[in-house]
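Colleague: Before I rely on any labels for this assembly, could you take me through how each one is justified?

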Amino acid sequence: MSIYGTLGNILMVFGIVLIAIGIIGLHKYHDFYIRATIASLIDTAGFISVAMGLLLHHKVSFFTLKIGIIIMLMLLLNPLATHIIVRSAYLSGHGEKKEDKNA
Amino acid sequence: MKYILRSWQTIVISTVFWCILNESFALNRLIEGVVVSVITYLFIYFLFADQSGTSISYRLSILALIKLTIILGWNIYLSSLRAIKIILFQSPSPAPTIVHVHTKAINKWHKCLIANAITLTPGTVTLNLTNDELIVLWLYPTSDEPNEMNKAILGPFEKALCERSLLND
Amino acid sequence: MISFIMLLLSILSLLVLLIIIKGPSIWDRILGYNIFSSIMILLIMLFSTLHNRAYLLDIVIVYTLLGFISIVFISRFVQGKGKI
């Protein structure tokens, strides 16, 4: 196994650890807004780590170019999805007690 | 014809996308890709851009894009380590607050990129974007002053889209 | 190595399904669906690397776009209380 393969394996294991810690956090807290901020730990950091580790296993070909397209699409679309979910919860007044406590 | 010449970058990017999906860079694939992307671009232009009156320019220099990507990657891992520390070692549950932040960017496209980058980093989520005010949900608030909040939330991303390109257009 | 990572990811995706079942409000469930679909995308990419089948990546692109559009419409539907 070349040096790129071992580097990719290390990155993938790091991404798995990030996803596992994010899921522990989702089960620990029960407030929606804390869950929404923690969810991007899984969606972006873990996803980028595992996909980059997968990218290092191959030489440059159409396979890796397609994986690059998928990474770009997820980087553009995933924060939009999180933003739309949290915005719909905020505009329809979910969890208004918390805002009263702060103000 | 002038619509096509004005935005040749979009057509080039769509043609490369078509060629990667077809897994070949042969000549007939290139011609097919150019025809399909020109038709798609004209549809999108006449359907969406004319209604709002002013069309948005999606211009961005390549140097600023590379700088933004590097700074974004560094910030994602930095703040994910901070979030891991909060999840594993902090016993009382954190209190996320909703703060208002003013941005210096003028262009709509730069504002969109900044809001996207804020949502990408773990710990902050953009809720709404009005004229030049961002409403941000923040997991671990460190200060209440507007200047400190500005520097902590969107300082690195505004520095990446450098001042010269902010003032031009 | 890749099959071991696939095993770990499928166990974690079962834990995310537990959030979708248990979550008190509907927004928790939509958030769980978002995370579950991103883990599924990772699983399909690992599978296509393991068996060297490039056509599965096209399915991944279509799945990404459909998941995004479905999340947008569901959350708009819930926000407008029945009207989009």
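What follows is a short exchange about two contacts and the terms used for them.

Modeller: This is a predicted model, in which local features need pLDDT of at least 70 and side-chain atom pairs count only at pLDDT 80 or more, while totals for chains, interfaces and linings use all residues. Residues are numbered from 1 along each chain as its sequence is written, chains are lettered from A in the order in which they are written, and side-chain values use heavy atoms, with hydrogens and water left out.

Colleague: What makes Lys66(A) and Glu23(B) a salt bridge?

Modeller: The term asks for a side-chain nitrogen of Lys or Arg within 4 Å of a carboxyl oxygen of Asp or Glu; the closest N and O atoms of Lys66(A) and Glu23(B) are 3.1 Å apart, so the pair qualifies. The count between chain A and chain B is one salt bridge.

Colleague: Why is H3(A) called roughly antiparallel to H2(C)?

Modeller: H3(A) and H2(C), helices being DSSP runs of H or I with at least four residues, pack at an angle of about 175°, with their axes 10 Å apart. Angles run from 0 to 180 degrees between N-to-C directions, along lines fitted to C-alpha atoms over the stretch in contact, and those over 145 count as roughly antiparallel, so H3(A) earns that label against H2(C).

Colleague: Which residues of H3(A) make that contact?

Modeller: With contact meaning heavy atoms within 4.5 Å, they include Phe63(A), Ile67(A) and Met74(A), while Trp27(C) and Leu31(C) are among those of H2(C).

Terms used. Helices (H or I, at least four residues) and strands (E, at least two) are DSSP runs, numbered from the N terminus. Angles under 35 degrees count as roughly parallel, over 145 as roughly antiparallel, 65 to 115 as roughly perpendicular and the rest as oblique.
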